[in-house]
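Got your viewer open? Let's take a short walk through this one, picking a selection at each stop and looking at what turns up.

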Amino acid sequence: MILSKQKTWEEILGYLEKDKSVFILGCNGCAQASGTGGPKEVAEMKGKLEGAGKKVTGTSVVDFLCEKALVKSRLRGQIEPIKAADSILVMTCGVGVQAVAASINKVCHPACDTVNLGGSRGEWMGSERCMECGECVLEYTGGICPFTACTKGLVSGQCGGANKGKCEFNPERDCGWELIYNRVKALNQLDKLRIFIAPRDYRKRMPDVQTMATSHWALERTGPERTGEKEKVK
Ligand code: SF4
Ligand code: SF4
């Protein structure tokens, strides 16, 4: 389970400033359980965006946005409304936004921040990873997480050590910032790399008191993976 919370309306509207039309994508998995991206929240967001003068070309709620094959198959029937939109607003966790951005050649805006539950995992294990930083920056990085794609977790660009597209620490591993650069360039969004990303509020890397009082937290903390008791489970 990945817990998310919706970004502020002002932040979401800011992301969509240059877009006249948008397609909204929700997730019936963790985002629905979090109350941030299920059918109800997608319908509410559609109404708010239309009220703000945006054309919503279509909406879809996929069972697990962290599963790229599912995303592709479900969106095959939505090609026209997606094509008609300037961008996609993705109402789910950081893993889901990255999986969608990797599946569709379209600008994807994150509508949520991923709340820290002390670790990271998607319901569907793919190559996309989220460190639950609490302040999602996928808007500025072409939908690729700099914290997990870059070995050093740099948020402000490449370190300069990459060689032929590979990370200086591991020649088997692609340089995360080259991936980000190439994705942003392909989306004609290079200006996004000029936007200053403010220093992180590292307090958001820790769950807050309200989160720790929820059943989400209790369930995550008592799972065998979290308590180190995995070997004991038969
Ligand atoms: S920026 Fe990365 S770590 Fe932070 S919420 Fe987004 S995907 Fe997760
Ligand atoms: S080479 Fe690329 S992935 Fe490796 S630490 Fe530097 S910027 Fe990050």
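**Stop one: around ligand 2**

Sort the shell around ligand 2 by residue class and you get five nonpolar, three polar and two charged residues. Keep in mind as you go that this is a predicted model. To see who makes up that shell, select Cys 150, Thr 151, Lys 152, Gln 158 and Cys 159, then add Ala 162, Cys 167, Glu 168, Cys 175 and Gly 176.

**Stop two: strand 2**

Now jump to residues 21-27, which form strand 2. Are they buried or exposed? Seven of the seven are buried, so to speak of the strand as mostly covered is fair, given that buried means under 20% relative accessible area. Colour the two faces separately: Ser 21, Phe 23, Leu 25 and Cys 27 sit on one side, with Val 22, Ile 24 and Gly 26 on the other.

Next, bring in the neighbours. Strand 3, residues 55-62, pairs with strand 2 in the parallel sense over seven bridges. Strand 4, residues 87-91, also pairs with strand 2 in the parallel sense, over five bridges. Val 22 is a handy place to zoom in: its bridge partner in strand 3 is Val 56, and in strand 4 it stands opposite Ser 87.

**Stop three: two helices**

Finish by selecting residues 68-75 for helix 4 and 94-103 for helix 6. Their axes lie 9 Å apart, and the two pack at an angle of about 60°. That angle is why helix 4 counts as oblique to helix 6. Rotate the view to check the handedness: the crossing of helix 4 past helix 6 is right-handed.

Methods: Residues are numbered from 1 along each chain as its sequence is written. Chains are lettered from A and ligands numbered from 1 in the order in which they are written. This is a predicted model: local features need pLDDT of at least 70, side-chain atom pairs count only at pLDDT 80 or more; totals for chains, interfaces and linings use all residues. Side-chain values use heavy atoms; hydrogens and water are left out. Buried means under 20% relative accessible area, exposed over 50%, partly exposed in between (1.4 Å probe, protein chains only). Helices (H or I, at least four residues) and strands (E, at least two) are DSSP runs, numbered from the N terminus. Two strands pair if DSSP finds at least two bridges between them. A residue is near a molecule or strand if one of its heavy atoms lies within 4 Å of it. Ala, Val, Leu, Ile, Met, Phe, Trp, Tyr, Cys and Pro count as nonpolar, Asp, Glu, Lys and Arg as charged, and the others, Gly among them, as polar. Axes are lines fitted to C-alpha atoms, for helices over the stretch in contact, and angles run from 0 to 180 degrees between N-to-C directions. Angles under 35 degrees count as roughly parallel, over 145 as roughly antiparallel, 65 to 115 as roughly perpendicular and the rest as oblique. A crossing is left-handed if the near helix is turned anticlockwise from the far one by less than a right angle, and right-handed if clockwise.
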